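Please examine the fold displayed here, beginning with one helix and the elements around it, and then moving outward to the whole chain.

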Amino acid sequence: MTMPLDNKPSRKAFNWISGSQCQEGQLKQSIDPATYNVIGHYPDYGLEAAKFAVAAASKAFRETMWAHDHELRARVLDQLACAFERNRDRLLEILSLENGKVKAEAAFELDMVASKLRYSAATALVEGGRALTPKPGSISVILRQPMGVAAVIAPWNSPVILTIRSLAPALAAGCTTVIKLPAQVAQTASVMAEIMAEAEDLPNGVINLFFESGPEGSAYLVDSPEVPVVSFTGSTRTGRAISSAGARYLKRFGMELGGKTPMIVFDDADLDAALPALEKALTVFSGQFCMTGSRLLVQDGKYEAVRNGLAERLRNVKVGPAADPSSDMGPLIDRANVARVDGVVEAAIAAGAKVVERGGPINVGPLANGAFFRPALLEVSDNSLAIVQEETFGPVLTIQRFSDEAEAIRLANDNEYGLSASIWTRDVDRSLRVAQALEAGSVWINDWARVYDGTEEGGFKQSGVGRLNGLAALDDFIEHKHIALKPGLAQR
């Protein structure tokens, strides 16, 4: 039975370890970022919860058939998909309330979950090794075996889909898992655990979930010799730190890290199609998205039209709570991030960026209590500015001129990130030339943020290691084993 969600501080989240709800730990408040009302409480028990979760996952890997039974894994992944579909509306309500996403964007996140689980269910059935005869009379078998316990460390900005994106291939590969989520989404995480518990054939300990306000639990996962693989989604700074710490045990890391997505608009672009997409590329999830379109490069002939048209669109974005169905963009995750993003804009202006649309915190009126930030558009000419080079993680867009194809490619690639890019042109040959030249893991032509279950996703340069989605997603969680036999040759 689905329990109604309301705005009273009655919810109590729990960690989920070895199939049991665990509520030990100091109780802290869960906040609605749109109002700063208390919506519930969660137990902050990071380090101890991590220890219990790793022990449970290790036991499940050793003592259940999970690592050996492909059909069991496929069946459970399908049961998980069905459970998330049954509970979609319930999860939608708490995700919108706690994370701040407007309902349409929360639905966009949740509606990707079931298909990813079912895709991984299929890969669990087809996953296998190979056999070959390297020499006469010799047979070699190559087995693909799960590595063991996999840590899934996901962020608060899209907690459901970014958890599932790592969890599903880890389970398909035969790993047992420990999920760690930030405390900002403790209530959402707790509902996710209740949903996953509905998978009737899931052995206890195969999936464990905890959340924390600090880094202690994550640090334990990275440092534990019982956790050979870590799938991490988050900032490049944190990715560097955990990979350095995990090097002690030569851990396997799959990481999708930061981004600074360039969107390149050529003179022949269809602006009627481009401008709405460029606006959404900035405002979806309030700019708190690794693929946020945060760098706009526009060719000379269309520069003024794009700048003026986009500025008008951003001025008309209706910022508001998810509870208001007319809201176009919700709050940032908290007030601290509002202050941080506003400081980034102030620093950019001081460094020479010109204001086209200032945006900024909403400090008066009915939204003043929340973590709201109006989108900003800044004109730049110096590609070395921090606002161009560093990830903002908020609704702040820079716009910059270029004269020809070569300059567009040079400016787009002049950045340490390489997660994604977008190209707008009617010239098919140009679009494919530029797409090949860009140093990015995903490139969209006359579109933005199209991601499919069967296509690999990940970053170049400082935007990550490994790939999620597609068949390559399994590789992060697999070891190859060579077994050599020498039966000889049959007499002829």
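The buried residues of helix α14 (405-413) pack against β13, β14, β19, α15 (428-437) and β23 (460-461). These residues of α14 are Ala408, Ile409, Leu411, Ala412 and Asn413, where buried means under 20% relative accessible area, exposed over 50%, and partly exposed in between (1.4 Å probe, protein chains only). Helices (H or I, at least four residues) and strands (E, at least two) are DSSP runs, numbered from the N terminus. Helix α14 lies across β13 (261-265), β14 (293-299) and β19, running at about 145° to β19; axes are lines fitted to C-alpha atoms, for helices over the stretch in contact (heavy atoms within 4.5 Å), and angles run from 0 to 180 degrees between N-to-C directions.

The model is predicted: local features need pLDDT of at least 70, side-chain atom pairs count only at pLDDT 80 or more, and totals for chains, interfaces and linings use all residues. Residues are numbered from 1 along each chain as its sequence is written, and side-chain values use heavy atoms, with hydrogens and water left out.

The strands beneath discussion belong to an open sheet of seven, in the order β15-β18-β19-β14-β13-β21-β22, with mixed pairing; two strands pair if DSSP finds at least two bridges between them. At the edges are β15 (354-357) and β22 (442-445), each pairing on one side only. From one strand to the next, the twist averages 25°. Strands β18 (residues 376-379) and β19 (residues 396-402) run parallel and are joined by four bridges; Glu379 has Ile399 of β19 as its bridge partner.

Turning to the nonpolar interior, the largest nonpolar core has 66 residues. Such a core is a set of buried Ala, Val, Leu, Ile, Met, Phe, Trp, Tyr and Cys residues joined through side-chain atoms within 4.5 Å. Helix α6 (residues 159-173) gives the largest share of this core, ten residues. Met196 is among the residues with the most contacts inside the core; leaving aside neighbours within four places in sequence, Met196 is in contact with residues including Trp16, Leu80, Phe84 and Ile207. A second, separate core of 36 residues includes Leu271, Ala274, Leu278 and Ile362.

Overall, the protein contains 15 helices and 25 strands. Its radius of gyration (over C-alpha atoms) is 24 Å, close to the 23 Å that the globule rule (2.2 Å times the number of residues to the power 0.38) gives for 492 residues, so the protein is as compact as a globular protein of that length. Buried residues make up 56% of the 492 residues.
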